[in-house]
Amino acid sequence: MNARGNGEGSVWADAVLAGLLVSIDPAGLGGVALRARVGPVRERWLATWRARLARDVPVRPVPLHVPDGRLLGGLDLTTTLRAGRPVAERGILSEANGGYIVLAMAERLTGAVVARVTAALDCGEVVIQRDGLALRLPAAFGVIALDEGAEPDERPPGGLLDRLAFHVDLEGVSVGDLGATNEDPIEITMVRARLKDVRIDDNVLEALTATAMTLGIASLRAVSLAARAATALAALNGRARADEHDAATAARLVFAARATRLPAPPLEDEPNDEHPEESEFDSAGDDPEDESRDTDRPLEDIVLAAAQAAIPVALLAQLGRRDGATGQSRAGGRAGAMQKARRRGRPAGTLRGEPRGGARLDLVETLRSAAPWQGLRRREAGRETVFARIDVRPEDFRVTRFKQRAQTTTIFVVDASGSSALNRLAEAKGAVELLLAECYVRRDQVALIAFRGPGAELLLPPTRSLVRAKRSLAALPGGGGTPLAAGIDAAVALADLVRRRGDTPTVLVFTDGRANVARGGKPGRADAESDALGAARQLRLAGLSAVLLDTSPRPHPEAERLAREMGARYMPLPRADAATLSVAIRTSVGE
């Protein structure tokens, strides 16, 4: 098979070539992140990739919620209980040494699984330090990460993607686009043997590095992976040195999906009016620096053009619209923080303890903890028979830990003073009502605090009732002074109660920032502003997530200063309607 590459290739052909290269150098290239739904296209790619592997190459599937003991290895419970001494059991990662692991639904992998896999990719081994064992087992493998994400931002973790050379997207490929796959016999063992002797020149490495910088790829690992891909291509074609064609093909396969910006357009050459047919340095040897530039520059151009031509259309459009921006946050709701739980939630390992107060005993982990001591305990009790009962003691008890996402409580703090009512109270009410509806859809709790006249009032304690929230909001009158400090104090006190209950509070403050009523209801702008800034600092010290929306017709320095003291995001929206306010606040809270 001639995989020399000419800078052009269909998505399917490049996907097949990526699978072939990973079959040659799995540990060096890391693997393939394959974005495709379950169907004939993905199955065809997997079948084509597997057909290149030898029969004895291990391929191990990794379940989505695989426990640490099965992934890394640990104590063989049955054998240990029979033998009365610790007996190790290999995990999936060490079983895949010299082969591959297949990560199903990689976009939903937990952080613990990703950490274990990436550590093994970096070190080529797994370290077992649990259940009385301390072992190092070889684990050099390639990864096939199956990405089934339905949304554009639903991707596998970045730490995993950074270590996989090829990011293949088959979302837009249909069965009719597949065509015939080149099934020329390739002896992978012979190619791997040649790979050890393949060399890559410095000028090729420089071209790959320059291309990565031009496309905005900050990770040096991407350059290293592209160099490995170029050497694998050279070995595949029976050559001892990677050339410019190998570099161009490697850049196309590795860099295209990682690009974060488009290269700047080339500058047009200025015309030479005096000598239109002859440049200033026309004869060879007149400018040595120009000669060296001409010999180096074309290689960079070839590699860059190949990578740029392979950038997916959707990514190309996104990069074109970005115009230097770093992208926007999702407009979805803010999920509560993960917290420990004793009775329900997602299992998160075990800890030593007795099953009291609703804690659940993990029987398997309890037996695993007791197993290494059975021989000693039998000798102490004078029972040497293998079939004696298992001696489990209180120090062996292990209870299950759980983690569950805390419920979010959004606290709306609305300025209902005279100045606010004159300006933007109606728009603020509209934005709050829209956000209340979205909180209801997410089953979040909401609370409503209004401040006007001498102080602040809790109009609505935390609730999920949309009807009650709308009634309280509609009945909110406007007028009077601006006791801003009292409003912030009430929000901090309510947020503290929410936290004590185990929920995650978020504070949204709607105000023009013009405080004129101090604590205790005393009028006076100077004292009122000082008290408001002090209350804002208390909110920041409490570590609360907050957004301050300046509802005045024009942005005011007082409101911006108040937001800084609160540690809140400041949002001046002088000409926004209720829908725009809702989208802007939702975006800020979702960050």
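In which strand is the place of Arg398? In this predicted model, Arg398 belongs to strand β14, which covers residues 398–405. The residue is buried, yet no salt bridge is found for Arg398. The nearest side chain of opposite charge is that of Asp396, at 5.7 Å; a salt bridge would require a side-chain nitrogen within 4 Å of a carboxyl oxygen. A polar atom of the Arg398 side chain does, however, lie 3.1 Å from the backbone oxygen of Glu395. When neighbours within four places in sequence are left aside, the residues in contact with Arg398 are Thr350, Leu351, Arg352, Gly353, Arg360, Leu361, Asp362, Glu365, Thr366 and Ser369.

A further element of the model is an open sheet of six strands, arranged in the order β17-β16-β15-β18-β19-β20 with mixed pairing. The edges are occupied by β17 (455–463) and β20 (569–572); each has a single partner strand, so one side of each is left without a neighbour in the sheet. From one strand to the next, the twist averages 15°.

At one of these edges, β20 pairs with strand β19 (residues 545–550) in the parallel sense, over four bridges. Within this pairing, Val547 has Arg569 of β20 as its bridge partner. Helix α22, formed by residues 557–566, packs on the sheet and touches β18 (504–511), β19 and β20. The direction of helix α22 makes about 180° with that of β19.

Note on methods. Residues numbered from 1 in each chain as written. Predicted model: local features only at pLDDT ≥ 70, side-chain atom pairs only at ≥ 80, totals over all residues. Heavy atoms only, no water. Helix = DSSP H or I, 4+ residues; strand = E, 2+ residues; numbered from the N terminus. Buried < 20%, exposed > 50% of the residue type's maximum accessible area, 1.4 Å probe, protein only. Lys, Arg positive; Asp, Glu negative; His and termini not counted. Polar contact = N/O pair within 3.5 Å; in protein donor to acceptor, adjacent residues only side chain to side chain. Contact = heavy atoms within 4.5 Å. Pairing = 2+ DSSP bridges. Axes fitted to C-alpha atoms, helices over the stretch in contact; angles between N-to-C directions.
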